[in-house]
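The exercises below are meant to be worked through with the sequence and the three-dimensional view side by side. Please try each task before reading its solution.

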Amino acid sequence: MFRQQKIILVHEDLNTSEHVTAYFRQKNCSITCYQSTEAVLNDCKDGKTDWNFIISDFLSSDIVEEDFKKTVKSISPEASIIRLPHFPIKSKAQEPFVQESFNFLKQDIDFNQLQKLIEMELKNKKEVANSAAAKVNYLYKDIIGQSPAFIAALLVAERVAQSKASIFISGESGTGKEVFANYIHSGNQNKKGKFVAINCSAIPEQLLESELFGHAKGSFTGAIEKKIGLFEEAENGSLFLDEIGDLSLPLQAKLLRVLQERKIRRVGENKFRPINCRIISATHKNIESLIQQNLFREDLFFRLNVIPINLPPLRDRKEDIVPLAQFFLKKICTESHIDRKCFSNEAVQYLMQNSWRGNVRELENSVERAAIMSSKHEITLDNFMPLGSQLKLDKSIETEQVINQNCFSLKCNHETLPSLELVIHKYIEYAVNANNGQRDKTAKEIGIDRKTLYKRIKKEPVVLN
Ligand SMILES: Nc1ncnc2c1ncn2[C@@H]1O[C@H](COP(=O)(O)OP(=O)(O)OP(=O)(O)O)[C@@H](O)[C@H]1O
Ligand SMILES: [Mg+2]
């Protein structure tokens with residue numbers, strides 16, 4: 001049942017790895033062996049996630065099993081991670097899968113149990129794949145997201161792509177409203193026309209009318225030539241009216257008429273021309289509140305809002321953050337002709353914890369800046385901080401005073417608080433430095449066990465001044 005699966009085995013012992021490899025090869029699976037979970041994480045962060053299962057006994061793991069699982073899942077939520085099962089008591093009779101030739105190896109892996117675990121996992125995956133979310137048919141390859149809220153919005157977009165119904169996309173600035181509008185347009189297999197977009201807030205009112213509906217030659221000063229409007233340009237395609245909440249009331253009235261009658265009249269002409277395009281509109285403003293304040297016509301809203309799609313802010317769909325960040329990082333490296341980079345664990349933690357008030361746009365800009373700022377393969381937390389305000393101990397505070405008060409200062413000019421892990425790490429780094437690198441003395445001074453300190457430093461090395 002589990003033929004052709006791509007498996008990663010993490011085991012310190014090469015003999016065991018050979019043994020398990022032979023077993024999976026018999027089953028026509030491809031298997032790659034790693035000696036440490038750290039090495040797997042590094043490849044994961046480099047975007048190498050072309051596998052279905054990670055199998056490890058986690059006994060020789062440098063990283064705590066739960067932390068490893070959490071990090072892998074944040075990068076690749078589809079990942080299946082299985083703990084290599086062992087027999088409670090070693091017995092040859094319990095090794096039916098092991099061929100004669102391997103019997104000399106002192107192995108106690110319960111292959112029966114392993115097969116069951118994999119089969120159970122495959123069954124679960126199949127069930128998930130049959131669920132609505134997995135039915136999303138990705139039409140537009142540059143749209144990234146896997147959170148339930150994002151998938152739900154994609155499903156609506158796909159369902160309505162073939163229809164002509166007007167679509168109203170709401171969401172904070174930078175949530176991807178224009179990306180979605182494009183996605184809907186590209187998903188319409190019957191479209192013959194173009195995707196035409198206009199930002200209603202960026203164009204002065206008089207000009208906007210002629211932009212939308214076109215004008216006749218000489219209809220106003222400056223109209224040297226006749227011009228077709230965007231409604232006509234989007235014939236058999238889609239017209240995207242961005243920032244519709246900023247449309248003036250007189251233009252709202254004109255737009256309402258156009259939508260009711262499905263025909264337009266160019267400025268300075270008497271002739272009516274039929275229109276045939278799908279209207280997609282969007283705003284980051286609260287349209288209901290604009291209606292209440294009589295700044296937006298309710299009747300126009302009803303016309304535009306046949307199919308509503310809401311894009312939640314990024315902070316409410318955290319599952320999308322890492323895939324989006326990796327997508328942008330890959331894009332930036334390719335465009336800038338630089339070697340592929342990856343995010344450090346701390347950087348991934350920061351990405352997940354930041355509030356991203358500017359949503360996907362802010363994330364994209366931050367990743368771009370961090371990729372440029374980092375001179376190394378790995379993008380670290382510092383690369384995300386604004387220039388000159390890197391996350392570090394504030395040395396302007398007198399050391400004496402800091403130690404006396406049993407505290408230290410962490411300078412962070414960012415909107416979100418640093419994680420507790422980071423504060424602990426920075427404190428340990430500070431304390432080790434204050435003790436001239438003497439770890440035992442440091443452990444004693446800050447009141448933790450020597451082993452705990454060593455373990456922490458091994459996990460996240462400290463920088464000595
Ligand atoms: N799901 C996504 N996948 C890939 N890129 C995305 C996604 N969502 C947004 N982006 C990127 O984020 C940036 C902002 O997206 P977009 O312009 O569509 O946002 P918006 O909601 O229209 O913002 P505004 O309200 O400010 O006009 C763009 O560079 C876009 O390519
Ligand atoms: Mg927009």
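A residue counts as near a molecule or strand if one of its heavy atoms lies within 4 Å of it. This is a predicted model, in which local features need pLDDT of at least 70 and side-chain atom pairs count only at pLDDT 80 or more, while totals for chains, interfaces and linings use all residues. Residues are numbered from 1 along each chain as its sequence is written, chains are lettered from A and ligands numbered from 1 in the order in which they are written, and side-chain values use heavy atoms, with hydrogens and water left out.

**Exercise 1.** Describe the surroundings of ligand 1, from its closest residues to its polar contacts and its burial.

Solution. Begin with the shell: 20 residues surround ligand 1, and the closest are I144, S173, G174, K177 and E364. By class, the shell has 8 nonpolar, 4 polar and 8 charged residues, where Ala, Val, Leu, Ile, Met, Phe, Trp, Tyr, Cys and Pro count as nonpolar, Asp, Glu, Lys and Arg as charged, and the others, Gly among them, as polar.

Next, look for polar contacts, that is, pairs of N or O atoms within 3.5 Å. A side-chain N or O atom of K177 is 2.6 Å from an oxygen atom of ligand 1, a polar side-chain atom of E364 lies 2.7 Å from an oxygen atom of the ligand, and G174 brings a backbone N or O atom to 2.9 Å from a ligand oxygen.

Then turn to burial: taken alone, ligand 1 exposes 630 Å², of which the protein buries 85%, with accessible areas taken from the Shrake-Rupley method with a 1.4 Å probe. Finally, α6 (177-186), α12 (321-335) and α14 (359-373) are the elements that give two or more residues to this shell; helices (H or I, at least four residues) and strands (E, at least two) are DSSP runs, numbered from the N terminus.

**Exercise 2.** Work out the strand order of the open sheet of 4 strands, and place helix α1 against its strands.

Solution. The order is β2-β1-β3-β4, with parallel pairing, where two strands pair if DSSP finds at least two bridges between them. The edge strands, each pairing on one side only, are β2 (30-34) and β4 (80-83).

Within the sheet, β1 (residues 6-10) and β3 (residues 53-56) are joined in the parallel sense over 4 bridges, and I7 stands opposite F53 in β3. Helix α1 (residues 14-26) lies across β1, β2 and β3 and runs at about 170° to β2; such angles run from 0 to 180 degrees between N-to-C directions, along axes fitted to C-alpha atoms.

**Exercise 3.** Which strands stand at the edges of the open sheet of 5 strands, and why is one side of each left without a neighbour?

Solution. First write down the order, β6-β9-β12-β5-β13, in which the pairing is parallel. The edges are β6 (195-199) and β13 (307-311), and each has a single partner strand, so one side of each is left without a neighbour in the sheet.

For β6, 5 bridges join this strand to β9 (residues 238-242), running parallel, and I198 stands opposite L241 in β9.

Key
Polar contact = N/O pair within 3.5 Å; in protein donor to acceptor, adjacent residues only side chain to side chain. Contact = heavy atoms within 4.5 Å.
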